[in-house]
Amino acid sequence: MTALLRTPLLRSTTLGDAFGGTALIKAELFQKTGSFKPRGILAKLATLSAEDRERGVITVSAGNAAAAVAYGCAQEGIDCLVVMWQGTSDLKAAAARSYGATVDREAADPGDAFARLEELRAASGRAFVHPYDDPAVIEGHASLGREIVEDAPETEVILAGVGGGGLVAGVALGAPGARVVGVEPEGSAALHEALAAGRPVQVRPDSIADALNAPIAGAHCLEVCSERGVESVLVSEEDIRAGFRFLYERAKLAAEPGAAATTGALLAGKIPDVEGKTVAIVVSGGNVAAKTAAAILSANED
């Protein structure tokens with residue numbers, strides 16, 4: 001089995017017309033487990049000692065990192081425990097279990113989940129694999145940025161959705177010549193707040209884009225984003241839904257809400273100074289429940 005895939009970079013004339021430029025879609029929803037996460041997770045697992053592997057690993061995630069860590073551990077023969085929380089996607093929890101992970105959902109919310117993580121980590125002695133704030137994870141995600149500029153050297157701007165900041169930091173490392181913009185929900189703006197404050201800031205994430213609901217931006221992620229001049233823009237819940245509908249109806253991509261934030265930002269005119277430019281958007285996350293997709297799509301019907 002191939003551990004990672006080189007995902008396609010697709011052109012969307014219709015999306016380009018929305019901002020008067022050229023739009024490229026990095027279809028990372030076709031990656032193993034349906035998101036970019038295995039890029040960094042596999043890189044991190046490769047750094048573990050034999051003792052760490054023997055003890056097993058533990059992570060915390062709303063879902064996509066959960067599946068990625070579970071997938072990576074299955075590839076490497078490592079026991080895996082994933083901490084999620086109440087209200088997270090049943091589909092994503094099932095995906096993690098399908099790769100052999102044990103899933104704990106005792107925590108009430110994202111903040112409680114990190115406390116639960118520490119409790120289980122202390123009791124089990126497992127090695128912690130952070131879902132985003134780890135130099136090895138960030139460097140692993142840099143491969144996505146490199147692929148974009150290798151496949152389309154003319155790319156001037158890259159948009160990436162942001163939860164804790166691991167992806168956008170990695171893209172900034174992998175595509176140093178491009179302008180990199182992180183797109184966050186208004187209700188889940190951990191990196192936006194951190195960039196403004198100059199330090200990680202605790203937030204209470206609340207967005208339909210569950211994959212972007214991180215309670216705090218990573219310190220390592222913030223450092224990279226600050227050094228590389230990564231920008232942050234916010235999108236509304238309706239922007240995300242509009243992006244979701246566009247990807248489904250026009251691009252024929254069955255993405256999840258978190259994957260649609262970048263598309264929504266372009267459609268809503270939230271990204272300044274892109275007219276006439278070549279813009280690549282990362283569309284990462286294809287793990288959406290049928291009920292969620294149906295609700296978003298039906299809401300736009302006459």
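Q: How do you know that strand S4 (residues 80-85) and S5 pair, and in which sense do they do so?
A: Two strands pair if DSSP finds at least two bridges between them, and S4 and S5 share four bridges in the parallel sense, so the definition is met. Strands here are DSSP runs of E with at least two residues, helices are runs of H or I with at least four, and both are numbered from the N terminus. This is a predicted model, in which local features need pLDDT of at least 70 and side-chain atom pairs count only at pLDDT 80 or more, while totals for chains, interfaces and linings use all residues. Residues are numbered from 1 along each chain as its sequence is written, and side-chain values use heavy atoms, with hydrogens and water left out.

Q: What makes S5 and S6 edge strands?
A: The open sheet of four strands has the order S5-S4-S3-S6, with parallel pairing, and strand S5 (102-107) and S6 each pair on one side only.

Q: Why is Asp133 called buried?
A: Buried means under 20% relative accessible area, exposed means over 50%, and partly exposed lies in between (1.4 Å probe, protein chains only); the value for Asp133 is 16%, so Asp133 counts as buried.

Q: How do you know that the side chain of Asp133 reaches the backbone nitrogen of His220?
A: A polar contact is a pair of N or O atoms within 3.5 Å, where within protein one must be able to donate a hydrogen and the other to accept it, and residues adjacent in sequence count only if both atoms are side-chain atoms. The side chain of Asp133 comes to 2.7 Å from the backbone nitrogen of His220 and to 3.3 Å from that of Cys221, so both distances fall within the cut-off.

Q: Why is a salt bridge assigned to the side chains of Arg53 and Glu76?
A: The term requires a side-chain nitrogen of Lys or Arg within 4 Å of a carboxyl oxygen of Asp or Glu, and the N to O distance between Arg53 and Glu76 is 3.2 Å. Arg53 lies in helix H3 and Glu76 in helix H4, so the pair ties together parts that are 23 residues apart in sequence.

Q: What makes Glu238 partly exposed or Arg245 buried, given their relative accessibility?
A: Glu238 has 43% and therefore counts as partly exposed, whereas Arg245 has 8% and therefore counts as buried. Glu238 and Arg245 form a salt bridge, with their closest N and O atoms 2.4 Å apart.
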